[in-house]
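Please open the model in your viewer and keep the selection tool at hand, for this tour moves from one group of side chains to the next.

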Amino acid sequence: MDQKMKNFPLTAQIFIGLLLGALAGVLLHEFMPAGELRDQILVGGVLNVVGNGFLRAMQMLVVPLVFCSLVCGSMAVGDTKKLGKIGGKILLLYLLTTAVAISLAIGIGRMINPGLGLNLAELQPVEIAPVETVSLTDTLLGIIPKNPIEALAKGEMLQIILFALIVGVILAKLGERAEGVSNFFSQCNDIMMEMTLMVMRFAPAGVFCLIAKTFAGIGFSALGAMLKYMFAVLLALTAQCFLVYMVMLKGLTGLSPVAFLRKFFPVMGFAFSTATSNASIPLSIDTLTKKLGVAKKISSFTIPLGATINMDGTAIMQGVAVVFVAQAYGIPLAVTDYLTVIAAATLASIGTAGVPGVGLITLSMVFASIGLPVEGIGFIMGVDRLLDMARTAVNVTGDAVCTTIVASQERAVDRERFRRMTEHSDTGR
């Protein structure tokens, strides 16, 4: 039985924890009278300790995980000098599409308003600091750390991101002269990834307790907000994949979006089913080469790089989550807050690759950058694991579209093969 549970997908376990937690919370709210047993022992005691203990374990990972991941990610970006302008183009496209993705997500979130009507502050009051007007120059200067050690200690995430990027690029430039330091950060990154997996094993229990606690205080009223949040994320993912990417593909290459989607759809399906970008790398490169006519010398570089730094789907989740949690806690956000979120999520996309649950951990970093309560993550964590499959498909599609655009600009796309495969999808070598 233990072995069967071990082989049971974590996504399914978390979803089951979500459903059981919602059911338990509603039963506590509707059928158990208020009193010491329900409010103090069960909700305020067991559910609170286990649920928030899990959240604190996630917060524990944020600074070391993001710093090590960004150093390693920017070391890989530093290697793009070997490919000259191709590396610069693909990096620019990846960052551009991520910024567009989170901007789109914030816009859709503001349009749907998934958190309105849900007062989480009643259950878990948070201290709302008065909104201060910060000039654009102060915001930009605030990204540069005066003391990087202090920034690490205080969790000043934008400063940490900038410092980590600089360290990684310099390590890549020094090459063998700094091999020992590079190996140190790579090993630290491996340790933090393992720690992330370890913490995520407790996610089903953590989600159960967090959701049960929420529903015990609110009842059925939380269900509508949860569905609106899911709809907003899915709508933003759909718009990014089938509107933004396809307009870019047609406008910058002249290639048919319909043909692209028809041939690349099996890769999207594989990414959706596995919920991991890394597992999709071989199939994506093979499809781009054999069906879309993209030169392998380009795709073999840009696709693994994209799996490391191009996380548009994750950025979309973070954008909608920011709007949702801010509304649910009644916290007003200024324009500078949204600009900070766009910058933080775009840069943090370099450090969110490879491991399930890392997107949620970097989400707590995005929350911290504008002062949102990290407790709000517990409300969306269960459904986020479901949405993870959809956003992985978007991540993989974005990598392929950007690769095709760069290859087309470098005259490294066999357009005849593209057209031939459109008509005879079973032919080709």
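A salt bridge is taken here to be a side-chain nitrogen of Lys or Arg lying within 4 Å of a carboxyl oxygen of Asp or Glu. Please bear in mind throughout that the model is a predicted one.

**Salt bridges**

With that cut-off, a search of the whole structure finds three salt bridges. Begin by selecting Glu150 and Lys154, whose side chains meet in one of them at 2.9 Å, N to O. Both residues belong to helix H6 (residues 148-154), where, being four residues apart, they are separated by about one helical turn. An α-helix has 3.6 residues a turn, so residues three or four places apart point the same way. If you colour by accessibility, Glu150 should appear as partly exposed, with a relative accessible area of 38%, whereas Lys154 counts as exposed at 57%.

Move next to helix H12 (residues 281-290), where Asp286 and Lys290 are likewise four residues apart and separated by about one helical turn. These two side chains form a salt bridge in which the closest N and O atoms are 3.2 Å apart. Asp286 counts as partly exposed at 34% relative accessibility, and Lys290 is also partly exposed, at 37%.

Now select Glu410 together with Lys89, whose side chains meet in a salt bridge of 2.9 Å, N to O. This pair links distant parts of the chain, since Glu410 sits in the loop between helix H17 (377-409) and helix H18 (415-423), while Lys89 lies in helix H4 (residues 85-112), 321 residues apart. Glu410 is partly exposed, with a relative accessible area of 23%, and Lys89 counts as partly exposed at 28%.

**Aromatic rings**

Turn now to the aromatic side chains, for which the count comes to five pairs when ring centres must lie within 6.5 Å of each other. One of these is the pair of Phe67 and Phe163, which is stacked, with 6.1 Å from centre to centre and 15° between the planes. Which helices does this pair tie together? Phe67 lies in helix H3 (residues 36-78) and Phe163 in helix H7 (residues 157-174), so the contact joins parts that are 96 residues apart in sequence. Phe67 is buried, with a relative accessible area of 11%, whereas Phe163 counts as partly exposed at 28%. Extend the selection to Phe184 and Phe185, and you will have the cluster that ring pairs make of these residues with Phe67 and Phe163.

For another kind of ring contact, select Lys263 and Phe418: Lys263 lies over the face of Phe418, at 3.9 Å from the ring centre.

**A nonpolar surface patch**

Show the surface and select Ile16, Leu20, Leu23, Leu27 and Phe31, which form a nonpolar patch with about 510 Å² of accessible area together. Ile16, a member of this patch, lies in helix H2 (residues 10-31) and counts as partly exposed at 37% relative accessibility.

**An enclosed helix**

Finally, select helix H14 (residues 312-328), whose 17 residues reach 24 Å from the first C-alpha to the last, close to the 24 Å expected at 1.5 Å a residue. Is helix H14 buried or exposed? Of its 17 residues, 17 are buried, so H14 is largely enclosed by the rest of the structure. Just after H14, stop at Gly330, which takes a positive phi of about 70°.

Conventions. Residues numbered from 1 in each chain as written. Predicted model: local features only at pLDDT ≥ 70, side-chain atom pairs only at ≥ 80, totals over all residues. Heavy atoms only, no water. Phe/Tyr/Trp six-rings, centres within 6.5 Å; stacked < 30°, edge-to-face > 60°. Helix = DSSP H or I, 4+ residues; strand = E, 2+ residues; numbered from the N terminus. Buried < 20%, exposed > 50% of the residue type's maximum accessible area, 1.4 Å probe, protein only. Lys NZ or Arg CZ within 6 Å of the ring centre and 35° of its normal. Patch = residues over 30% accessible without salt bridge, like charges linked within 9 Å, V, L, I, M, F, W, Y side chains within 5 Å. Areas by Shrake-Rupley, 256 points an atom, 1.4 Å probe, with all protein chains shown as cover. Expected span 1.5 Å × (residues − 1).
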